[in-house]
Structures are given as structure tokens and as C-alpha cells.
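Here are some exercises to work through with the structure open beside you. Try each task before you read its solution.

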Amino acid sequence: MEARDKIVELEELPNLLEEHRKAGQKVVLCHGVFDLLHPGHIKHIEAAKKNGDILVVTITPDEYVNKGPLRPVFDELHRAETIGALEKVNYVAINKWPSAVQTIELLTPDIYVKGSDYKNPEEDITGEIANENDAIAKVGGKIIYTDEETFSSSKIINENLRVFSKEAKNFISGLKKRYSQREILGTLNRLQDLKVTIVGEAIIDEYIYGDTIGKSSKDPHLVLKQKNIEIHLGGSLAIANQVAEFCGEVTLLTYLGDKESYEELIRKKLNPNVKTKFIYKTDSPTIVKKRIIDDYFFHKLIEIYSINDEELNERQEKELIDIIDEQIDKSDTLLVCDYGHGLISENTINSLCKTKTHLAVNVQSNAGNYGYNFISKYPKANIVTVDESELRLENRNKYGEIKDLLENVYEKMDYGQIIVTRGANGSSAFSKETGHIKAPALAGNIVDRMGAGDTFFSLSSLLSAKGVPLEIVSFIGNAVGALAVKIVGNKEPITKILLKKTLISLLK
């Protein structure tokens with residue numbers, strides 16, 4: 001039988017397997033990514049077949065492969081065909097869920113087979129092995145662990161395939177010599193007890209998708225046929241949700257409009273452990289940024305702001321400063337995300353910068369504030385993150401060396417650390433203690449860059465607050481940023497489990 005002939009739709013399998021059961025045959029199920037078929041996989045599959053008559057292998061679909069930003073190397077159909085080429089395999093199907101739990105419930109195999117590296121549930125950071133164990137018991141089957149020689153697909157791919165640049169390989173290799181995988185992953189666990197306060201503008205991101213159907217017959221403008229709308233939490237709301245994935249206590253200080261506030265939606269979509277302190281800005285809507293998207297190519301055609309970006313009135317400015325002063329003593333770190341839309345005044349900055357609490361600042365340049373919103377507004381901070389265009393704007397220097405621009409800002413201001421994100425060029429960081437650190441980009445296929453900088457800022461700020469070495473901060477920041485660009489805008493935060501799995505894969 002040809003390899004392709006063994007590939008069937010998952011929904012077809014229950015009926016096919018029932019025929020085999022009627023013939024007295026025992027069904028065995030294996031499940032995995034199988035991104036690069038190696039001797040360990042072959043030995044595992046051969047050992048699995050010894051436990052029954054019919055061997056089914058289900059493949060993790062591309063969208064649920066959490067092995068790193070550049071994975072899978074081979075798409076789901078190629079992986080299925082490769083597994084189907086093995087003589088011992090009877091059927092191959094592409095799974096529809098992140099784990100095998102629902103697959104087990106659907107197929108009710110007699111035996112579910114996993115490798116020996118999954119034998120200890122305590123080492124499984126996802127908790128899915130325990131769930132799969134429960135699922136196989138529920139359908140009357142049992143789980144068996146093979147005891148064959150194991151190999152790491154990630155290690156083979158990282159070392160032998162050109163998924164990363166030479167610069168990335170050298171950086172990760174050097175990092176592994178100085179820190180163990182346990183030490184690097186352990187930095188994420190240390191964030192749980194941080195008490196974090198976030199100050200910044202709340203933004204609603206609205207994505208309006210449509211099919212481009214042509215030019216208007218009477219006017220020179222593009223016409224789209226609307227398909228659907230997605231509404232995400234953006235700005236400080238997205239940062240609060242991201243931080244809440246790693247920290248147990250998060251407080252958000254921001255303003256909503258006193259009309260068109262979106263408050264019900266915001267409260268519904270915020271993580272439950274985010275406490276909110278809202279100021280209701282007079283004669284204003286909550287900021288909404290609408291993006292009109294060509295659905296077929298995911299091209300952003302136009303962006304529309306609904307905003308009153310004047311500063312808070314004197315009464316509301318005082319209200320915000322009073323809340324900040326109250327929160328400072330309750331917080332381990334303050335994250336300030338300044339989008340330049342009227343929340344943070346000079347007086348508010350003075351209040352923030354006088355604190356002895358760890359202060360992380362990100363000042364963003366956008367269409368609404370270009371040329372007005374500079375990082376030097378903040379004379380003091382423990383860590384500052386900007387992107388390259390914002391650093392160049394701060395220096396009024398379009399072509400200078402990044403190292404020189406970083407040092408120039410560092411010498412003028414009272415900053416402990418400064419990191420500049422540079423897209424495909426990774427990130428560059430500087431502090432007096434470490435000097436310059438250049439960390440490579442880790443991103444693969446890019447869906448949407450929007451929100452990646454906020455994600456980088458969130459994690460780098462938290463790690464800095466815990467005194468994590470700057471090169472690890474940069475590495476993890478680039479890794480989480482690489483995951484963020486695979487998601488549309490701020491549709492969902494990067495979870496701790498996903499980030500850990502990515503770091504494990506990168507460090508193999």
C-alpha cells in the first residue's frame with residue numbers, strides 16, 4: 001500500500017477500526033509531531049506494533065505544533081506521508097486538537113503508546129500526559145511506554161538543518177555553555193510571586209476582514225465586501241493579560257472613555273487575576289483602533305482611530321497620580337506602556353520616576369504621536385525597551401550604528417538597562433555591567449507584527465525585575481516575540497507552557 005493510501009480523515013477511523021475489532025484485531029494508537037523521522041521514531045513505532053494488530057498514528061496539526069517559532073519544519077501532510085511510508089503503520093490521520101485526549105475518546109484504542117521520556121508525569125510541563133492517561137482508562141484501554149533508544153528531533157533539526165542563522169546557533173550555543181536549561185526555564189517560575197502594576201492607555205483593537213472586490217465605479221477608492229469582525233484587547237489591556245500569564249497579582253491603571261467605554265467587554269476579556277483601577281476620561285471614548293484587512297492576503301489597507309488624545313484634566317490627573325502613589329508600596333515592579341494618547345502627563349512621569357520600586361518603561365511611536373513621544377520624557381528607569389525606529393528618532397539619527405545610539409541614550413539618562421528590538425535583526429541591549437549584548441531574531445513565518453513589541457516588553461520587564469541576566473532576558477524576549485508574530489495582533493497572550501516548550505526546543 002502506498003503511503004498516501006494510508007492517510008485517512010480522522011472522522012473515518014472509528015468505522016474502519018470497528019471492522020478490525022469485529023475480526024478480533026487489537027488497535028494500537030501512537031500520537032506525536034514526528035517533524036523529522038529518525039531512528040528513535042522508527043524503533044518506537046516498531047515497539048508499538050508489537051502490542052496489537054492495527055497501528056494507527058495521529059499527527060499533531062501544524063497550528064498546534066509548539067516546538068518553537070520555526071516549527072514544524074515539515075507541514076502536516078508531509079509528516080503524515082513520511083509516517084505512512086513505514087511498513088508497520090496501518091493508518092495515519094492528522095489530528096484536530098492540540099493533544100490526543102479527544103482523539104483517544106473518538107478512536108477508543110485498546111492500547112495507547114508513548115515513549116519512555118513521557119513516563120514521569122511530573123516532568124510533563126503541559127499536564128497532557130496525565131489527561132491522556134485518564135482518557136485511555138476511561139475508554140477501557142491502557143497506556144504502554146516503549147523502552148527504546150530515544151533521540152531528539154529538535155536537537156537534530158537545530159544542529160543540522162538551516163532553520164536558524166549561524167548567528168542564532170552561536171548565540172544559543174554560548175548561552176547553553178553558561179546556563180543550564182533548568183536555570184533558564186526556572187527564571188519563568190520565579191515570576192509567579194511578583195506584584196505588578198501596569199500604567200498605560202487601554203486600546204480596543206478591531207479587525208474588520210473583507211474580500212477586495214474592486215475599485216468603485218464612480219470614485220478612486222478600493223471596495224471590500226465585509227466578511228467578519230474580530231475585537232481584541234490592545235495597549236495596556238493586552239499587556240495586563242500577558243503579564244497575568246506569568247504573575248499572580250496584577251493591577252492595571254488606565255482610562256476608559258466616559259462614553260463608548262467598552263467596559264463590559266474589557267472586564268469579560270481581562271484575565272481574572274487582573275485588578276483594574278479605571279479613570280473615566282471626560283468627553284472621550286475608550287480608544288479604538290480599527291484595521292481594515294484584505295482577508296485573502298492579510299494585508300492591512302487602512303487604520304482608523306477613534307480617540308481623544310488630549311491630556312487628562314487637572315482633577316483626573318491628580319486622581320491617577322494618587323492611585324500610582326498608593327500602588328507603589330504594594331508593587332514589586334511598575335510597567336509603564338506609554339502610547340502617547342493622553343494618559344501620562346509630565347506630572348505623572350515625575351511621580352513614576354521618583355519611585356524606588358523597579359520601573360520598566362516602553363514609550364511607543366505611532367501614527368497619532370509621531371515626533372512627539374520620546375523615551376527621554378522619562379529621566380529614570382530600571383529597564384527601557386524601544387524599537388529601532390524609536391531609538392533613531394530619539395537620537396535624530398537615521399543611519400548611525402545601533403551601539404553608538406544605545407550608548408548615547410544611556411549616557412544622557414539614568415537607565416539601568418536599555419533594549420532595542422530590531423525585527424529581523426533581533427535585539428540589542430546595553431547596561432554598564434554587561435556592555436553590549438546582541439541577540440538574534442528567532443521568528444519564522446510572520447502573521448502580524450502588531451503586539452510583538454508589547455509582548456517583548458512584558459516578559460523582559462518581569463525578568464529584569466527578578467535580576468535575570470540581560471542575555472537571558474534578551475533571549476527569552478526574542479523567543480516570546482517570535483511566538484507573538486504568529487498570532488493576529490493581541491488575539492491571545494503567550495502562555496507560560498507554550499513559552500517553556502519553545503525554550504526547551506530551542507535549547508536542545
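**Exercise 1: The sheet of nine strands**

In this predicted model, glutamine 417 stands opposite serine 431 in S17.

Task: Find which strands pair here and in which sense, then place them in their sheet.

Solution, step by step:
- Start with the pair itself. Strand S16, residues 414-421, and strand S17, residues 427-431, pair in the antiparallel sense over five bridges.
- Now widen the view. These strands belong to an open sheet of nine strands with mixed pairing, ordered S10-S9-S6-S13-S14-S15-S16-S17-S18.
- Look at the two ends of that order. Strand S10 (274-285) and strand S18 (435-439) are the edges; each has a single partner strand, so one side of each is left without a neighbour in the sheet.
- From one strand to the next, the twist averages 20°.
- Finally, look for a helix on the sheet. Helix H11 (residues 314-328) packs there and touches S6, strand S9 (249-259), S10 and S13. The direction of H11 makes about 170° with that of S10.

**Exercise 2: A strand in the middle of things**

Task: Decide how many of the six residues of strand S13 (residues 333-338) are buried.

Solution, step by step:
- Take one side of S13: Thr333, Leu335 and Cys337 are buried.
- Turn to the other side of S13: Leu334, Val336 and Asp338 are buried too, and both faces are thus covered.
- Put the sides together. Six of the six residues of S13 are buried, so S13 is largely enclosed by the rest of the structure.
- Check the partners of S13. Strand S6 (residues 195-200) runs parallel to S13 and is joined to it by five bridges, with glycine 200 opposite cysteine 337.
- Strand S14 (residues 358-363) also pairs with S13 in the parallel sense, over six bridges. Here valine 336 stands opposite valine 361.

**Exercise 3: Arginine 291 and its sheet**

Task: Is arginine 291 buried or exposed, and what does its side chain meet in a polar contact?

Solution, step by step:
- Locate the residue: arginine 291 lies in strand S11, residues 287-294.
- Compare its accessibility with the cut-off. Buried means under 20%, and arginine 291 has 6% relative accessibility, so it counts as buried.
- Follow the side chain. A polar contact of 3.1 Å joins it to the side chain of aspartate 205.
- List the wider surroundings. Beyond residues up to four places away in sequence, arginine 291 touches Asp205, Glu206, Tyr207, Ile208, Lys300, Ile302, Glu303 and Met450.
- Relate this to the strands. Strand S7 (residues 202-215) pairs with S11 in the parallel sense over eight bridges, and isoleucine 208 stands opposite isoleucine 292 in S11.
- Step back to the sheet. It is open, with four strands in the order S8-S7-S11-S12 and mixed pairing. Strand S8 (222-235) and strand S12 (299-306) are its edge strands, each pairing on one side only.
- Add the helix: H9 (residues 236-244) lies across S7 and S8, at about 55° to S8.

**Exercise 4: The nonpolar cores**

Task: Which residues have the most contacts inside the largest nonpolar core?

Solution, step by step:
- The largest nonpolar core has 101 residues, and Ile198, Tyr378, Phe475 and Leu499 have the most contacts inside it.
- Ask where its members come from. Helix H16 (residues 470-484) gives the largest share of this core, nine residues.
- Another core, of 20 residues, lies apart from it; Ile54, Ala93, Ala100 and Ile136 are among its members.
- Return to isoleucine 198. Leaving aside neighbours within four places in sequence, its contacts include Ile239, Val243, Leu253, Leu335 and Cys337.

**Exercise 5: The whole protein**

Task: Work out why the protein can be called as compact as a globular protein of its length.

Solution, step by step:
- Count the elements: there are 17 helices and 18 strands.
- Compare the radii. The radius of gyration is 26 Å, close to the 23 Å that the globule rule gives for 508 residues, so the protein is as compact as a globular protein of that length.
- Consider the extent: along its principal axes the C-alpha trace spans about 80 × 60 × 45 Å.
- Consider burial: 55% of the 508 residues are buried.
- One residue on the other side of the count is glutamate 346, in helix H12 (residues 346-353). At 61% relative accessibility, glutamate 346 counts as exposed.

Definitions and conventions:
Residues numbered from 1 in each chain as written. Predicted model: local features only at pLDDT ≥ 70, side-chain atom pairs only at ≥ 80, totals over all residues. Heavy atoms only, no water. Helix = DSSP H or I, 4+ residues; strand = E, 2+ residues; numbered from the N terminus. Buried < 20%, exposed > 50% of the residue type's maximum accessible area, 1.4 Å probe, protein only. Polar contact = N/O pair within 3.5 Å; in protein donor to acceptor, adjacent residues only side chain to side chain. Contact = heavy atoms within 4.5 Å. Core = buried A, V, L, I, M, F, W, Y, C linked by side-chain atoms within 4.5 Å. Pairing = 2+ DSSP bridges. Axes fitted to C-alpha atoms, helices over the stretch in contact; angles between N-to-C directions. Rg over C-alpha atoms; globule rule 2.2 N^0.38 Å.
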